[in-house]
Amino acid sequence: MVYLAAPSPSDIIMVAATKFAGPSHARFYSDWLDLPSYRNLHPPARALLLETMARYRPKTSTQFEWSSRKAAGLLLCSRSTAAQALHELVECGWLKVERVGRTKGPRATRPSVYSLTMFGTAMDPTPSREFMTWRPVAQ
């Protein structure tokens, strides 16, 4: 005989919570805080990661145009600090470069396009989650 257990109150709350269509939010798991790829990020890179995650929309915006100027305005820091934050996020596997921006030539105003590796894109629906396996280089 198989007995089916009644759902616990937490199961009922979780079902109700996942069906709620509230304001957009960013979900950052507590396990990610302990990853080396997160621990090695400087504060501006951490802030930019959360800003990028908050702007993610599965149906509309899965790619983000970040220039160092735009990121610096958002983070209230210098352009070189913002550029370093973008570089750190790509290096640690949180962001993937989809298109390299241009600073010279006919398309000089085109910023780089990034995508979050924890989510899939239209071109590649499978998330790579490179940040989960990233380890610092031993010196």
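Me: Buried means under 20% relative accessible area, exposed means over 50%, and partly exposed covers the range in between. At 41% relative accessibility, as what does Glu65 count?

Reply: The model is a predicted one. Glu65 belongs to strand β1, which spans residues 63-66. Its relative accessible area is 41%, and this value falls between the limits of 20% and 50%. Glu65 therefore counts as partly exposed.

Me: Which residue forms a salt bridge with Glu65?

Reply: Leaving aside residues up to four places away in sequence, Glu65 touches Lys70, Arg99, Pro111, Ser112 and Val113. For one of these contacts, the closest N and O atoms are 3.7 Å apart, which meets the salt-bridge limit of 4 Å. The partner of Glu65 in this salt bridge is Arg99.

Me: How many residues apart in sequence are the parts that Arg99 and Glu65 tie together?

Reply: Arg99 forms its salt bridge with Glu65. Arg99 lies in strand β2 (residues 95-99) and Glu65 in strand β1, so the pair ties together parts of the chain whose separation in sequence is 34 residues.

Me: How many salt bridges does a search of the whole structure find?

Reply: Besides the pair of Arg99 and Glu65, the side chains of Asp34 and Arg39 meet in a salt bridge at 3.9 Å, N to O. Asp34 is exposed at 59% relative accessible area, whereas Arg39 is partly exposed at 47%. Glu51 and Arg55 form another, with their closest N and O atoms 2.6 Å apart. For the whole structure, the number of salt bridges found is three.

Me: By about how many helical turns are Glu51 and Arg55 separated in helix α3?

Reply: An α-helix has 3.6 residues a turn, so residues three or four places apart point the same way. Glu51 and Arg55 are four residues apart in helix α3, which covers residues 43-55. Glu51 is partly exposed at 28%, as is Arg55 at 36%. The separation of Glu51 and Arg55 is about one helical turn.

Me: Is the aromatic pair of Tyr29 and Trp32 stacked or edge-to-face?

Reply: The structure holds nine aromatic pairs. In the pair of Tyr29 and Trp32, the ring centres are 5.1 Å apart and the planes are at 80°. An angle over 60 degrees places a pair in the class called edge-to-face.

Me: Which residue of the pair that links distant parts of the chain lies in the loop between α5 and β2?

Reply: Trp32 is buried, with a relative accessible area of 9%. Trp32 also forms an edge-to-face pair, 5.9 Å centre to centre with 70° between the planes, with a second tryptophan. Trp32 lies in the loop between α1 (9-18) and α2 (36-39), and its partner, 62 residues apart from it, lies in the loop between α5 (79-91) and β2. That partner, also buried, is Trp94.

Me: Over the ring of which residue does the charged end of Arg46 sit?

Reply: Ring pairs link Phe28, Tyr29, Trp32, Tyr38, Trp94 and Phe131 into a cluster. The charged end of Arg46 sits 4.4 Å from a ring centre in this cluster. The ring beneath Arg46 is that of Tyr38.

Me: Within what arc do the buried residues of α4 fall, seen down its axis?

Reply: In helix α4 (residues 68-75), the buried residues are Ala71, Ala72 and Leu75. Viewed down the helix axis, these residues line one face because they fall within an arc of 100°.

Me: Against which elements do the buried residues of α4 pack?

Reply: The largest nonpolar core has 26 residues, and Leu41, Leu48, Leu49, Leu89, Trp94 and Leu116 have the most contacts inside it. At least two residues of this core come from each of α3, β1, α4, α5 and β3 (112-116). The buried residues of α4 pack against α3, β1 and α5.

Terms used: Residues are numbered from 1 along each chain as its sequence is written. Side-chain values use heavy atoms; hydrogens and water are left out. Buried means under 20% relative accessible area, exposed over 50%, partly exposed in between (1.4 Å probe, protein chains only). Contact means heavy atoms within 4.5 Å. Rings of Phe, Tyr and Trp (its six-membered ring) pair if their centres lie within 6.5 Å; planes under 30 degrees apart count as stacked, over 60 as edge-to-face and the rest as tilted. A charge sits over a ring if NZ of Lys or CZ of Arg is within 6 Å of the ring centre and within 35 degrees of the ring normal. The arc is that of the directions from the helix axis to the C-beta atoms. A nonpolar core is a set of buried Ala, Val, Leu, Ile, Met, Phe, Trp, Tyr and Cys residues joined through side-chain atoms within 4.5 Å.
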